[in-house]
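Please open the structure in a viewer and keep the selection tool at hand. The tour below proceeds stop by stop, stating what to select and what is found there.

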Amino acid sequence: MAGNGRVMKLNRKSVISYNRSKVKVARLKQFMKEGEDKMLETKNYQFWFCTGSQDLYGDECLAHVAEHSQKIVEELNASGNLPYEVVWKPTLITNELIRKTFNEANMDENCAGVITWMHTFSPAKSWILGLQEYRKPLLHLHTQFNREIPYDMIDMDFMNENQAAHGDREYGHIFSRLGMERKVVMGYWADADVQEKIGSWMRTAVGVIESSHIRVMRIADNMRNVAVTEGDKVEAQIKFGWEVDAYPVNEIAAAVEEVSKGDIDVLVEEYYDKYEILLEGRDEKEFREHVAVQAGIEIGFERFLAEKNYQAIVTHFGDLGSLKQLPGLAIQRLMEKGYGFGGEGDWKTAAMVRLMKIMTAGMKDAKGTSFMEDYTYNLVPGKEGILQAHMLEVCPSIADGKISIKEQPLSMGDREDPARLVFTAKEGPAIATSLIDLGDRFRLIINEVDCKKAEKPMPKLPVATAFWTPKPNLQTGAEAWILAGGAHHTAFSYDLSAQQMGDWAASMGIEAVYIDKDTTIRQFKNELLWNSVAYRK
Ligand code: MN
């Protein structure tokens, strides 16, 4: 991401001297588009495929091992089920080679993780030093080259050559002995479900690697007296690698004021082309002026964030300095481009939104990832759910159908009526996550939810909304969420699974609790109690 940030900065310089000529307009549009692409561009990540064996079996056997693992790698890459490339590595048979390979994986900045598989038996003491020095995500693929036992021809040579059932147990033992986190996936390598599990883990691994590139800009402190959005920023950097820095709000406001009228006009045109305008009796000219304020904020904020290499931002409606409006439409569009966001100074959620956006980068048919907030319940039997929204800042990536611009007064704060994008969210399964600081540790709460259409339109509600029923049902889901200490703010996504986020938390060495179809309050309370002991420092 640091590299991408630098590229963005250079691109930006090329448009500073914007004027009204058509060429320049096209260039500004291209620059905005590039900003969009860059924010969710990950490195050309690769995953190394390392097969374990030893020199006990002779060269012919080792030649087969290498041939088989190469074929697996080729077919995994050809499957279309993996978001990143797998790179074959020579069979690991000695302590020295194992240690060297893992250290090379550490140093290779394109390597986001290692996939290991013991085709034969590989004595696990050989792996101790290499694994101890390894610092990236690891998947233990427990598979076998042949699908079926070859009943007619099987002999001891075949058994010795194809003994993952044996070798992978020896190998797995040493991780457990070392207390090391790793993902284990078992199944036949050519099966789509196994390949999809590998692909899903790859996104978790990229989240682990990218986490340490997340920098959150705070242009406002945490909202006064609010507890759940607070946290230990030093501990967050130790655990997750996040840099969370404060800037005076008027520095970014100055960047907004520097945006030329020409640039603003181009972007307002784009808004008016792209979105439906809901005047609702307001003066057309004044409406457009208010929209233009958000366009200036979008451009100014994006330039300021890119120049200083931040990928997430928090605002606070009560601390806007010389900004004329609470950033609404502007923040919504920045989120859509890939920036993390948290309201009222909530830097933990801002970082999580960014993390989840980068984890889903490049996903085909992605349905969206957003900052979200629990607002109001529907408690009608059979129709239970939580209406989700925020004051303004919901990411349009989750929108279903048309998106409109509205202007309304805020009931809080003291600024102009801000322009915002309004829409309703898609239907389908999703996850809502909340990262909280319990004082002695972080806990990630992961709730599976079913997003639905609200039963009726809400014409007087001037914000984007989602409506969901948490699993296993509203009562148990909300009770468990509250018992776990989950926030009213969430990082929400249709495109990640609870397992992916739980695996990310495990890699980060923090507690994760799942609220899903299997949750009961009695079991959940016990889990929280046991975790409080397990995670005691
Ligand atoms: Mn809020």
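Begin by selecting Arg354, which is buried because its relative accessible area is 1%. In this predicted model, Arg354 belongs to helix 14. Add Val114 to the selection: it stands 240 residues from Arg354 along the chain, and the C-alpha atoms of the two are separated by 24 Å.

**Helix 14 and its partner**

Extend the selection to the whole of helix 14, residues 347-359, and add helix 16, residues 498-508. At what angle do the axes of these two helices cross? The crossing angle is roughly 115°, and the axes come within 12 Å. The crossing of helix 14 with helix 16 is right-handed.

Show the side chains at this contact. Helix 14 contributes Met352, Leu355, Met356 and Met359, and these meet Gln500, Met501 and Trp504 of helix 16. Sorted by class, this contact between helix 14 and helix 16 holds 6 nonpolar residues, 1 polar residue and no charged ones. Leu355, Met356 and Met359 may be viewed together along helix 14. An α-helix has 3.6 residues a turn, so residues three or four places apart point the same way.

**The largest nonpolar core**

Next, select Trp242, Phe301, Met352, Leu444, Met501 and Trp504. Within the largest nonpolar core, which has 61 residues, these are the ones that touch the most other members. Helix 14 gives the most to this core, namely 8 residues.

Centre the view on Met352. Which residues does Met352 touch, leaving aside those up to four places away in sequence? They are Trp242, Thr433, Leu435, Leu444, Ala491, Met501 and Trp504. Another core, of 36 residues, lies apart from the largest one; Ile264, Leu267, Ala292 and Ala419 are among its members.

**Just before helix 14**

Select Glu344, which is in the loop between strand 10 (340-342) and helix 14. Glu344 is not a glycine, although its phi is positive, at about 55°. Its relative accessibility is 9%, so Glu344 counts as buried.

**Helix 12 and its two ends**

Move to the loop between strand 8 (276-277) and helix 12 (284-308), and select Glu280 there. Glu280, likewise not a glycine, has a positive phi of about 50°. Is Glu280 buried or partly exposed? With a relative accessibility of 46%, Glu280 counts as partly exposed.

Now select helix 12 itself. Its 25 residues should span 36 Å at 1.5 Å a residue, and this agrees with its end C-alpha atoms, which are 36 Å apart. Helix 12 is mostly covered, as 18 of its 25 residues are buried. Asn309 follows helix 12 and has a positive phi, near 60°.

**Helix 8**

Select residues 192-211, which form helix 8. The 20 residues of helix 8 should span 28 Å at 1.5 Å a residue; the end C-alpha atoms are 28 Å apart, in agreement with this. Of these 20 residues 15 are buried, so helix 8 is largely enclosed by the rest of the structure.

**Strand 7**

Select Ala246, in strand 7, residues 243-246. Ala246 is exposed because its relative accessible area is 56%. How far apart are the C-alpha atoms of Ala246 and Ile219? They are separated by 5.8 Å, while the two residues are 27 residues apart along the chain.

**Strand 12 and the loop before it**

Select Val380, in the loop between strand 11 (369-378) and strand 12. Val380 counts as partly exposed because its relative accessibility is 38%. The C-alpha atoms of Val380 and Glu96 are separated by 65 Å, and 284 residues lie along the chain as the offset from one to the other.

Continue to Ile386, which lies in strand 12, residues 385-389. At 8% relative accessibility, Ile386 is classed as buried. Leaving out residues up to four places away in sequence, Ile386 touches Asp374, Tyr375, Thr376, Tyr377, Ala466, Phe467, Trp468, Pro470 and Leu474.

**A cis peptide bond**

End at Pro472, in the loop between strand 17 (466-470) and helix 15 (474-484). The peptide bond that joins Lys471 and Pro472 is cis, with omega about 0°.

Note on methods:
Residues numbered from 1 in each chain as written. Predicted model: local features only at pLDDT ≥ 70, side-chain atom pairs only at ≥ 80, totals over all residues. Heavy atoms only, no water. Axes fitted to C-alpha atoms, helices over the stretch in contact; angles between N-to-C directions. Helix = DSSP H or I, 4+ residues; strand = E, 2+ residues; numbered from the N terminus. Left-handed = near helix turned anticlockwise from the far one by under 90°. Contact = heavy atoms within 4.5 Å. Nonpolar A, V, L, I, M, F, W, Y, C, P; charged D, E, K, R; others polar. Expected span 1.5 Å × (residues − 1). Buried < 20%, exposed > 50% of the residue type's maximum accessible area, 1.4 Å probe, protein only. Core = buried A, V, L, I, M, F, W, Y, C linked by side-chain atoms within 4.5 Å.
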